[in-house]
Amino acid sequence: MSKTLTYAAQNASDTLKPYAIERRAPNADDVQIEILYCGVCHSDLHTARNEWQNTLFPSVPGHEIVGRVSAVGSAVTRFKVGDLAGVGCMVDSCQHCAPCAEGDEQYCENGFTGTYNGPVFGGENTYGGYSERIVVKEAFVLRISHDEGDLAAVAPLLCAGITTYSPLSHWKVGPGKKVGIVGLGGLGHMGVKIAAAMGAHVVLFTTSPNKREDGLRLGAKEVVVSKDPEQMQAHSNSLDFILNTVAAQHDLDPFLNLLKRDGTMTLVGAPEHPHPAPTVFNLIFKRRSLAGSLIGGIRETQEMLDFCATHNLVSDIEMIDIQSINEAYERMLKSDVKYRFVIDMASLKKDAAAA
């Protein structure tokens, strides 16, 4: 066991503060990673504040982890000390159900183990990336092949990247497809980048007219202000696929109306309150589908990282010190970030020195 400094919430109303935990020594199949950067996901905030009513305290968030391998177990074959490595939203699964066998560990029938907050169906707590280091089974560690100068901006790919890549890939987005991305936040901006890199004609839908320039910069061919009925009507029955990244409750019908016959809208945002039920006729008269998608398996996450490295895709980020995490949470609630906070974990040394 090794004493490891983290930032943790002790209860739902507490701010995150320095907190020491014990990390296990690497087992034969484990990789130990010294964390360089950790992205800040809205799920971190939901969990730290127990907004989903399932938090195990103390809570150490963080599942967008990039770092350098500092130790490996005797059975590890894919990593050596000094390698760059990443850890996403999962650190374990049952490994024997049908989804696991097919590389879809995120749909593990027995519940995957989150990088923080433990197994989905209950069990011992796990502690995430707001931390000096982490120890993870080799099977759940990812190779990083981006340039080292991009490492901070790579971190959000471990959640925001795979959350958008997986449905875009599953529904075969590519050349000749007209694809809508709803929302331009931490997820949406990666959805625009990835869909454009896949060769699709990307239409960004946003409630903010001032995001037009940024949407075009990121790769959208068109930007539609979704509050404008005339702009929405102009795209009626024209889209093959819509990726809806908005994590706030909203009416889905205006977006379903944009789909062609047999088109699909996939939800990846997790709102605090359910969306109003869509009008059934919007689905049945055009054989449209409304679907959902959850991150991606380890194999697909590696595929996403390699795709992003090939296409020079990273997240647009604002770097912060760990000491600013509580302020960052408040700013995130106000959408005051373009487009993802990333923690420089070297800043944790300030608290280690003070201790």
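**View 1. The cavity in this predicted model.** Search the whole structure and you find one cavity of 30 Å³ or more. The volume of this largest cavity comes out at about 70 Å³. Its lining is made up of G88, C89, M90, F140, L142, L158, I162, I295, G296, I298 and T301. Sort those lining residues by type and you get eight nonpolar, three polar and no charged.

**View 2. Helix 4 under its cover.** Helix 4 spans residues 160-170, and nine of its 11 residues are buried. The buried ones are A160, G161, I162, T163, T164, Y165, S166, P167 and L168. I162, then, is buried in helix 4 and also helps line the largest cavity. Among the elements covering the buried residues of helix 4 are two other helices, helix 5 (186-197) and helix 10 (298-310). Strand 10 (178-182), strand 13 (239-244), strand 14 (259-267) and strand 17 (340-344) are part of the cover too. After the helix comes K172, with a positive phi near 55°.

**View 3. L168 and its neighbours in the nonpolar core.** Nonpolar side chains tend to be buried together in soluble globular proteins. Here, the largest nonpolar core counts 89 residues. L168 of helix 4 is buried, and together with Y130, I325 and Y329 it has the most contacts inside that core. Leaving out residues up to four places away in sequence, L168 touches V173, V179, G191, I194, A195, M198, F241 and L243.

**View 4. The second core.** Separate from the largest one, a second core holds 15 residues. V182, V224, M232 and M265 are among them.

How values were computed
Residues numbered from 1 in each chain as written. Predicted model: local features only at pLDDT ≥ 70, side-chain atom pairs only at ≥ 80, totals over all residues. Heavy atoms only, no water. Buried < 20%, exposed > 50% of the residue type's maximum accessible area, 1.4 Å probe, protein only. Helix = DSSP H or I, 4+ residues; strand = E, 2+ residues; numbered from the N terminus. Contact = heavy atoms within 4.5 Å. 1 Å grid on protein atoms, 1.4 Å probe; cavity = no way out; pocket = protein on both sides within 12 Å on 5 of 7 lines; lining within 4 Å. Points joined across faces, edges and corners; volume = space filled by probe spheres on them. Nonpolar A, V, L, I, M, F, W, Y, C, P; charged D, E, K, R; others polar. Core = buried A, V, L, I, M, F, W, Y, C linked by side-chain atoms within 4.5 Å.
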